[in-house]
Every structure is written in structure tokens, then in C-alpha cells.
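Here is a quick walk through one model, going from the overall picture to a few helices and single residues. Have the structure open while you read.

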Amino acid sequence: MNGTSDTSTEAASIQKQEDGQVSATTATDLDDDLQEASEVFNSLFSTRRPKDGWAGLSSGLKSIGKGTLAGAASLVAQPIAGAHENGVKGFFGGLATGVASAVALPVTGICVGAYQMSRGVANSVEAINASKQGMQWDNEKREWIFYYLDKDKEEVEKREAELKSGAGKTASGDAVGSTDINEKKVKDREYYDLLGVPTNASAGEIKKAYYKEARKCHPDKCPDDPEAATKFQALGHAYQILSNEQTRTAYDKNGKPETNSADANLANEIDPLVFFAVMFGSHLVEPYIGELWIATTADTLMKDAMEQQQSMDMENMTEEDAAKFLASKSASSEEMMLKQRKREVKCALNLREKIMPFMEAKEEDDIMVFKASIAKEASKIVSTSFGATFLVTIGFALEVEAEEYLGVQTSALGMGAMNARSRRFRKTTANNWKIMGAGINAATTGRKAMKEVEAAQKQLEEKKAMKESGEGEADGDDNEMDVEQAKMAAQKLEETIPALLELAWAINIRDISRTLKSACKKLFSDAEVPLETRIRRAEAVRLLGSEFYTIGKECGGEKYDVKDTTDIKARAEVAVMTTMAKAQGQEVSEDDTEDLIRRAKDMKQGEGEGAEAAASSTASDDEKMT
């Protein structure tokens, strides 16, 4: 009896465990289904808290539109999917499901849309009050917060250090510490990361960091680490380079010496940021706008090309190395966003520093001195190529953003900001049309040039073929024909440069405007200072923008011209020479580059006039002979 009882008890226990496992599995499957349904719902309908009435209206209309489209798509897709799986029976089952979805999804979209609109209206009062207090809307947290410029700077530095920590390690293996947003730009920072110091570290800080890291990775201190000797040797080499002023300067400009190939050395010497800064003369306005869009884009494309070459060798990588490479690729978009955020913060900080004399002004004479300093700076900027265009673009953006902020803060219901918003909208619309037109022109010009080059190349190949067969006349050897072909191709490609630069400039203008809009918003919303100080900042920025815009407009900055091929070629040649010279450690100032550009332009104009005179003389001689 006892044996039978024990067996029954054991069977009941096993059955209970199995029932528990089934229940747990069922619960897990149910949770997964609910999670999946929630994700689908959230992808279709936005239920995030709207900022204000306008945001609620936008969110509501999107939900209604998505629900209607999803219902229509389901009505078509469900019967097809059902027929594919289960024939006629599946078709009618899918049709029933599609009809139900076609009704349910739009109704759900309408309900969610109405809910979002009502939430937006309810939040409008809070939005007005928060905006009056200088608060900012956090898109991630979906709430109004007080913004702190210096805190944002620290967060950018911290996040930048975190992203670099995956690749940048000190010699002892610790993550690289926080970087300074005002660090000097260097070609390579590996040695700095090994020591765990910023690029603007003093000689004393470098020495202190070296001794600290040396104690951590010394072979005697790490007997169990087989790589300790290698790490210690690398650390010593890094300190040897950075502790010497001359070798440190060369490292900052050239990076580590490459011995692989001439192409690799040439690639390392080409710095797009330097090239385009010289090409467009943006060095004087960099504190206001940061690095040009075209420069950062070219820099990114070069790095992507190197990464693409590396990805071609992924088959030879270990799984760990391949995973690291793919992880770095996935983080690139976040790095680009962080880079733009850093650019905006830095511009805001530079603006804060620039308007300090106005903020500290006690009398009207102090303001006049500040205004005179702006005019002097603008006169220097306008003397460079594209300087007037820079002044107009920067000045307009600063003036409009300041007027909008002052209108919100000093007028009833913010009505004073309407004029500034209208001016910005008209300017933005006009520039967008310009981008579209420049894009079409660049594409058309480029296609035409390529067709002409291809036609000439085909004609040249036909001549060569006829010459080889003996049917054509021997009017020159193959090398001469190839040189002629190369010259013609280069000439056709040069004809496309103005169209390409016009497009680049239109995009640059939009990028500068957007960057300054964000920078001004950060400066005017800085809760570190009271509202009265923020209003005073906006008044100073408005004055700065007005002076820049007026002087730039007087010098023709609203109608920039990039059709002067002589000037473009002269600037490009000097930009290449300057980039190579800096890569080799030579000091080249901005005044030097501008002087070289003027000389190169005069030389090319002289060559052109000489060629025209020679052609005219030849034609005159021919007429006399006839």
C-alpha cells in the first residue's frame, strides 16, 4: 500500500511539474504576443506625449493616415496571403480578416488621433508657460526641462569619451577619460589615448600620466600578463614622442609614420578639413559655424572608403575582430549625431564669449566699441573669397533667431516672433529651391561632360584601330593621342566644377542656418543665467547678426558667384599645397594662403591673356599670308 501511495504521489508531482511548465510556457508565449502586438501598435500609432496643440494635431493626423493606409493594405494583402497558404478557403478567410482590419484600423487611428489632439490642446498652456520661462522640450523624455549649456558641454565630452573608449584604451587597458570639447585637432590621438591625456595636455600632465600608467603595466607588476612587456614598450614609445616638443608637433600634424605604401602616405596627408577651409576661406568664420558641411562629408567619405577596404578583408578576420568592426560601423551614425551636437555646443560657447563685451557694457560708448569691433571683424572676413556670402548667411541666421526669441519673450502670446518666423520661412524656401535647381544643373552638366568624354574616347579608339589596320593616316604616336585625350577629359571635368560648387554652397548655406539656429537656441535657453540675461544675450546676438548681414549684403553676399573657373582653380591648387605642407609639419598661416591664392590667380589670368594674345597674333599672320 505504501509503495502504491508513493508511486501515486510521485506521478501527481510529475504531472504538477509538467502542468507548471506548460503554464509557464503559455504565459511566456502570451507575453511575447502582447509585446509583439504592442510594438506593431506603436509603429502604426503615435501615443507619445505631444509638446503642444500643433504637435498634437500633427500626431493625430499621422495616426489617422497610418490607420487608413494600414487598413487598405490589409484588405488587399490578407486575401492574397490566405490564398497562397490555403487555397480558396484561405482566400475567403483572409478576405474576412482583411475586411475586419479595414474597418478596425482606421477607426483605431481616428480614436488615437482624437486622443492625441486633445492631449496637445491640454498641453498648450503648459507649453506657453514653459517657453516663457526659457525651458526646452526634450524629445526623448517628452517633457519640458531647463537646459544648461555648460552641462550639455560636459555631457558631450563624456559621451564622446564613451564612444572612443571602445577603441581608445590606455596602456593599462583602462578606458580613456573624458575629452575636452576645446581640445586641439590632431592627425592621430593613439599616443594620447595610451597615456590617457587630452591632446592639449601640458608637458607636466603627460609626464605624470606616463608614470601612472607605467606602474600599472610594468612587466614586474603584471607577471601573469604575457602582453605586459609589449604594452610597456608601446607606452614608453608614446611618452618619448609626446615628451619632445618637436616630435610631438610632427605627430600632431602627421600622425604615426606610415611605411606601407606611397598611396597610404598620400591618403594620410590629405586632410579634407584643411583643404576645404582653404578652398572657401572659412577659417575666419569657423568660430561661428564650425566645420563646413562639405569638409566633414569629404572626411567621412574618405574614412568610409578605408573602412570599406577593411570590410573586404573580413573573411580573413577572426570572429572577434569582425564583430568589433561591425560594431564600429553601427556606431557611426551616433558618432555623426554627436559630432553635430558638439559643433552646435561649441558655436554657442563661442557666441557667448563673443558677446561678452556687450553683456558687460555699462555705458552707450561701450556698446559702440563693441559694434565697431564687429564691423572691423566683418571687414576682414569680407576681404576673403566667399566672405560676403558667409557674412550674409551668418548674419541673417543670427538676426532672425534673436528676433524670434525676443518676440516670444517680450510680446503678448509671442506674436512679435511672427515676423522673424516669416522671414526665415521665405529664406529657407528660396534656398531649398536653389538646392533643387543647383542639383539638377550639376547632374545635367556632369552627364553632358561624361558623354562628351566617352564620345571622344570612342573616336580616339577608332583612330587607333584604323592606324593599326593601315587605313588611317599616321598623324602622331599613341602617346600623343593619349595625352590629347587626357587634356580634353580634364577640360570637360573642369567645366563641371562650377555647377558642383554651386550645389555644395547651397547645401552649406542650409547647414549653416540650421547649425546657428540650434546654437542660438542653446544660448538663449541656458538656465544657468536668469531670463533678463538671456534676453540681453539675444539683443547682443541681434546686433552682431545685423552688422554682419548689412556689411555682407553691401558687398554682394546675397548673390554668390562660383562661375569664375580661374579663381576656383587657383584656390584648389593652393588648397592642395597648403594641405600637403601642413601634413609635413610646416606652418602656413591664413594670411599666407590668401596671398598665395591671389598670386596664383594673377598668374593664371596672365597665362590666359598671353594665350589669347598668341592666338590673335597667329590669326593675324594667317590673314596677311592669304
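Of the contacts in the protein between residues at least 6 apart in sequence, what percentage join residues at least 24 apart? The answer is 72%, where contact means heavy atoms within 4.5 Å.

Before going further, a word on ground rules. This is a predicted model, so local features need pLDDT of at least 70 and side-chain atom pairs count only at pLDDT 80 or more, while totals for chains, interfaces and linings use all residues. Residues are numbered from 1 along each chain as its sequence is written, and side-chain values use heavy atoms, with hydrogens and water left out.

**The whole chain**

The protein has 21 helices and 2 strands; these are DSSP runs numbered from the N terminus (helices are H or I with at least four residues, strands are E with at least two). Of its 626 residues, 35% are buried, and the cut-offs are under 20% relative accessible area for buried, over 50% for exposed, and partly exposed in between, with a 1.4 Å probe and protein chains only. The exposed area comes to about 36,900 Å², with carbon and sulfur atoms supplying 55% of it (Shrake-Rupley method, 1.4 Å probe).

How confident is the predictor? The mean pLDDT is 76, and 71% of the residues reach 70 or more; pLDDT is the predictor's confidence in each residue, from 0 to 100. Over residues 259–268 the pLDDT is below 50, and beyond near neighbours in sequence this stretch has 5 contacts in the model. Where pLDDT is low, the predicted coordinates should not be read in detail.

**Helices 5, 6 and 7**

Helix 6 (residues 228–243) packs with helix 7 (residues 245–254) at an angle of about 100°, their axes 5 Å apart. Axes here are lines fitted to C-alpha atoms, for helices over the stretch in contact, and angles run from 0 to 180 degrees between N-to-C directions. That makes helix 6 roughly perpendicular to helix 7 (65 to 115 degrees counts as roughly perpendicular, under 35 as roughly parallel, over 145 as roughly antiparallel, and the rest as oblique). Helix 6 brings Gln240, Ile241, Leu242 and Ser243 to the contact, and helix 7 brings Glu245, Thr247, Arg248 and Tyr251. By class, these residues are 3 nonpolar, 3 polar and 2 charged; Ala, Val, Leu, Ile, Met, Phe, Trp, Tyr, Cys and Pro count as nonpolar, Asp, Glu, Lys and Arg as charged, and the others, Gly among them, as polar.

Now for helix 5 (residues 203–217): its axis and that of helix 6 come within 10 Å and cross at roughly 175°. Helix 5 is thus roughly antiparallel to helix 6. From helix 5 the contact includes Ile206, Tyr210 and Cys217, and from helix 6 it includes Phe232, Leu235 and Leu242. The residues of this contact are 9 nonpolar, 1 polar and 3 charged.

**Four residues to click on**

| Residue | Place | Relative accessibility |
|---|---|---|
| Leu292 | loop between helix 10 and helix 11 | 3%, buried |
| His283 | loop between helix 9 and helix 10 | 18%, buried |
| Asn244 | loop between helix 6 and helix 7 | 36%, partly exposed |
| Ala229 | helix 6 | 44%, partly exposed |

Leu292 touches Phe276, Phe280, Ser282, Phe390, Asn508 and Ile512, leaving out residues up to four places away in sequence. Its C-alpha is 6.8 Å from that of Asn508, even though the two are 216 residues apart along the chain. For His283, with neighbours within four places set aside, the contacts are Ala277, Glu590 and Glu594.

The C-alpha atoms of Asn244 and Ala203 are 8.8 Å apart, with their positions 41 residues apart along the chain. Ala229 and Pro219 are 5.4 Å apart, C-alpha to C-alpha, and 10 residues apart in sequence.
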